[in-house]
Amino acid sequence: VQYFLLVLLACPSPLGAPPALHTCQGLAPCLPEEGHVNTSGPRLLLATLHPASGSSAAMDGIVSASLLSLLLLLQSYGVCGAPPQPRGTLCRTKPTDLVFIIDSSRSVRPQEFEKVKIFMSQVIEGLDVGPNSTRVGVINYASSVKNEFSLKTYQTKAGLLQAVRRIEPLSTGTMTGLAIQFAISRAFSDSEGARVRSPNFNKVAIVVTDGRPQDGVQDVAARARAAGIEIFAIGVGRVDMHTLRQIASQPLDDHVDYVESYSVIEKLTHKFQEAFCVVSDLCATGDHDCEQICVSTPGAYKCACKDGFTLNSDGKTCSACSGGSGSALDLVFLIDGSKSVRPENFELVKKFINQIVDSLEVSEKQAQVGLVQYSSSVRQEFPLGQFKNKKDIKAAVKKMAYMEKGTMTGQALKYLIDSSFSIINGARPGVPKVGIVFTDGRSQDYITDAAKKAKDLGFRMFAVGVGNAVEDELREIASEPVAEHYFYTADFRTISKIGKKLQMKICIEEDPCECKSIVKFQTKVEDLINSLQQ
């Protein structure tokens with residue numbers, strides 16, 4: 001480990017450019033090829049803290065791997081009360097017999113089936129593959145069932161990935177029940193490489209389908225679950241949601257997923273990589289080097305500091321803050337209230353807004369909050385400065401009625417520019433302006449001009465997309481650097497990753513400890529989103 005870190009430190013990337021990453025077989029990312037810098041690769045889900053002076057290189061291209069997480073800490077600056085940074089990573093996959101059950105009926109076009117193969121490959125990439133760890137099989141079905149390869153066929157990740165690339169669609173009917181029965185009687189049998197049922201490993205099936213089955217699934221899925229098989233059901237497009245619920249294991253919220261089209265099925269990859277991750281609690285065992293506070297996270301641990309202290313650049317020690325009374329901030333939420341959000345999710349969004357409000361120092365001289373809801377039209381719920389304390393803001397948010405119509409994001413952005421951040425609506429000259437746009441679908445109007453104007457005026461724009469949100473639109477809304485200002489998650493169960501990136505780097509004072517209201521926002525977002533998920 002020490003040798004590898006020395007190699008990394010001896011090969012710094014250009015200022016502001018993330019190092020290129022290349023996946024090693026079942027391990028951490030490799031070193032970049034000579035002369036190659038990846039500027040568009042996987043973006044870091046945990047926000048990197050940049051010093052106000054710009055003297056430290058941004059490390060925003062790093063994925064969750066232990067060695068590179070340590071390197072990140074060596075090159076990052078601390079912010080008073082900022083979210084603790086990952087220090088150690090210990091994520092291995094529990095030994096699992098995993099079988100993909102893939103619908104390749106005629107409704108799945110060839111290019112869409114390629115997306116399913118990419119999804120399977122990405123999930124496999126995150127597994128520890130081997131005869132004594134995770135074994136993978138694939139069942140391809142339509143009117144008939146084809147065993148593409150069994151649990152015993154391939155014992156290396158490279159072999160699995162090559163086999164997945166060779167799979168071809170069958171392009172006939174949709175016999176989902178028949179495929180699940182095949183999994184019970186054949187794929188998960190001893191003769192095909194399945195292991196005897198034991199608490200030491202899992203039996204998991206991931207069903208991907210885009211239509212209504214032509215046979216029954218309820219009874220056969222119940223038999224599969226009774227046999228100890230954990231079933232995840234992924235539906236695409238016009239899938240029958242009732243069928244997915246009949247197939248999946250409990251709790252359904254964790255085992256049923258829906259995506260609008262095959263083009264976004266890859267968004268679920270991270271969820272399944274996390275689902276197969278077994279984590280040791282390094283904080284509980286004392287196997288860490290945090291000076292003050294150790295916080296366990298999925299696949300890692302991170303260090304934090306007590307109130308009044310800032311995390312140093314080594315990521316483990318703390319220094320006392322110089323104080324400060326808090327900084328001014330004009331923050332406006334621009335919330336999608338279209339019918340696709342659904343009432344129950346709209347209530348979660350309201351709860352999330354109020355929890356963020358709890359983390360701010362609200363007053364006439366510090367943070368002001370405004371709220372705008374949009375659908376087919378735009379409605380200002382309350383302007384900046386109308387409410388002088390958190391209690392009144394939260395009460396107004398709770399009273400917000402769900403509009404439940406279209407998705408005119410462009411019109412909403414124009415309203416933000418022309419009205420929300422105007423002096424007549426409470427905006428203060430010279431105070432940083434921050435807009436958080438939250439949407440779950442494609443805009444029904446043109447957003448380019450308004451998105452550009454907001455950024456040209458100096459507004460710091462964050463774009464948060466959930467479910468069927470369009471990433472190109474999120475990027476267009478987001479401020480530069482775009483990768484640090486737009487966020488997407490397929491569902492609320494993975495939105496915690498957004499919370500870790502949604503840490504606004506808008507402190508303009510040289511002493512970050514003075515930015516009290518922003519710092520509190522940063523430190524609490526992750527905890528708030530975890531609470532929201534619960």
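**Figure 1. Strand β8 and its two neighbours.** In this close-up of the β8 strand, alanine 205 is the bridge partner of valine 99. The view, like those that follow, comes from a predicted model. Valine 99 sits on the side of strand β5 (residues 96-103), which runs parallel to β8 and is joined to it by seven bridges. Turn to the other neighbour and you meet strand β9 (residues 229-236), which also pairs with β8 in the parallel sense, over seven bridges. Here valine 207 has alanine 233 of β9 as its bridge partner. To get from β8 to β9, the chain passes through helix α6 (residues 218-226), making a right-handed β-α-β crossover. How many of the eight residues of β8 are buried? Seven are, so this strand (residues 202-209) is largely enclosed by the rest of the structure.

**Figure 2. Strand β19, covered along its length.** Strand β19 spans residues 433-439, and seven of its seven residues are buried. It is worth following the side chains one by one: Lys433, Gly435, Val437 and Thr439 point one way, while Val434, Ile436 and Phe438 point the other way. Both sets are buried, the lysine included.

**Figure 3. The partners of β19.** One partner is strand β16 (residues 329-336), which pairs with β19 in the parallel sense over six bridges. Look for leucine 331, which stands opposite valine 434 of β19. Another partner is strand β20 (residues 460-466), again parallel and again with six bridges to β19. In that pairing, phenylalanine 438 faces valine 464 of β20. Between β19 and β20 the chain travels through helix α14 (residues 448-456), and the β-α-β crossover it makes is right-handed.

**Figure 4. The six-stranded sheet around β19.** Stepping back a little, we find an open sheet of six strands in the order β18-β17-β16-β19-β20-β21, with mixed pairing. Which strands form its edges? They are β18 (378-382) and β21 (486-489), each of which pairs on one side only. From one strand to the next, the twist averages 20°. At the β21 edge, β20 and β21 pair in the parallel sense over four bridges. There valine 464 stands opposite phenylalanine 487 of β21; this is the valine of β20 that also stands opposite phenylalanine 438.

**Figure 5. Two helices packed on the sheet.** After the β20 and β21 pairing, with its four bridges, the helices come into view. Helix α11 (residues 343-358) packs on the sheet and touches β16, β17 (367-374) and β19. The direction of α11 makes about 175° with that of β16. Helix α13 (residues 409-420) packs on the sheet as well, touching β16, β17, β18, β19 and β20. For α13, the angle to the direction of β18 is about 45°.

**Figure 6. The disulfide of cysteine 290 and cysteine 303.** The structure holds one disulfide, and it joins these two cysteines with an S to S distance of 2.0 Å. The angle about the S-S bond is -80°, which makes the link left-handed. Cysteine 290 lies in the loop between α10 (282-285) and β12 (293-297), whereas cysteine 303 belongs to strand β13 (residues 300-304), 13 residues apart from its partner. Are these cysteines buried or exposed? Cysteine 290 has a relative accessible area of 11%, so it counts as buried, the cut-off being under 20%. Cysteine 303 is buried too, at 0%.

**Figure 7. Lysine 115 and its contacts.** This lysine has its place in helix α3 (residues 110-125). Its relative accessibility is 29%, so lysine 115 counts as partly exposed. What does lysine 115 touch, leaving aside residues up to four places away in sequence? Its contacts are Tyr262, Ser263, Ile265 and Glu266. Glutamate 266 is 151 residues from lysine 115 in sequence, yet their C-alpha atoms are 7.5 Å apart in space.

**Figure 8. The setting of the close-ups.** For orientation, the protein has 17 helices and 21 strands. Of its 534 residues, 54% are buried. Among contacts between residues at least 6 apart in sequence, 71% join residues at least 24 apart. The protein exposes about 23,200 Å², and carbon and sulfur atoms supply 51% of that area.

Conventions: Residues are numbered from 1 along each chain as its sequence is written. This is a predicted model: local features need pLDDT of at least 70, side-chain atom pairs count only at pLDDT 80 or more; totals for chains, interfaces and linings use all residues. Side-chain values use heavy atoms; hydrogens and water are left out. Buried means under 20% relative accessible area, exposed over 50%, partly exposed in between (1.4 Å probe, protein chains only). Two strands pair if DSSP finds at least two bridges between them. A crossover is right-handed if, with the strands pointing away from the viewer, the path from the first strand over the helix to the second runs clockwise. Contact means heavy atoms within 4.5 Å. Axes are lines fitted to C-alpha atoms, for helices over the stretch in contact, and angles run from 0 to 180 degrees between N-to-C directions. Accessible areas come from the Shrake-Rupley method with a 1.4 Å probe; for residues, only the protein chains shown count as cover. A disulfide is a pair of cysteine sulfur atoms within 2.5 Å.
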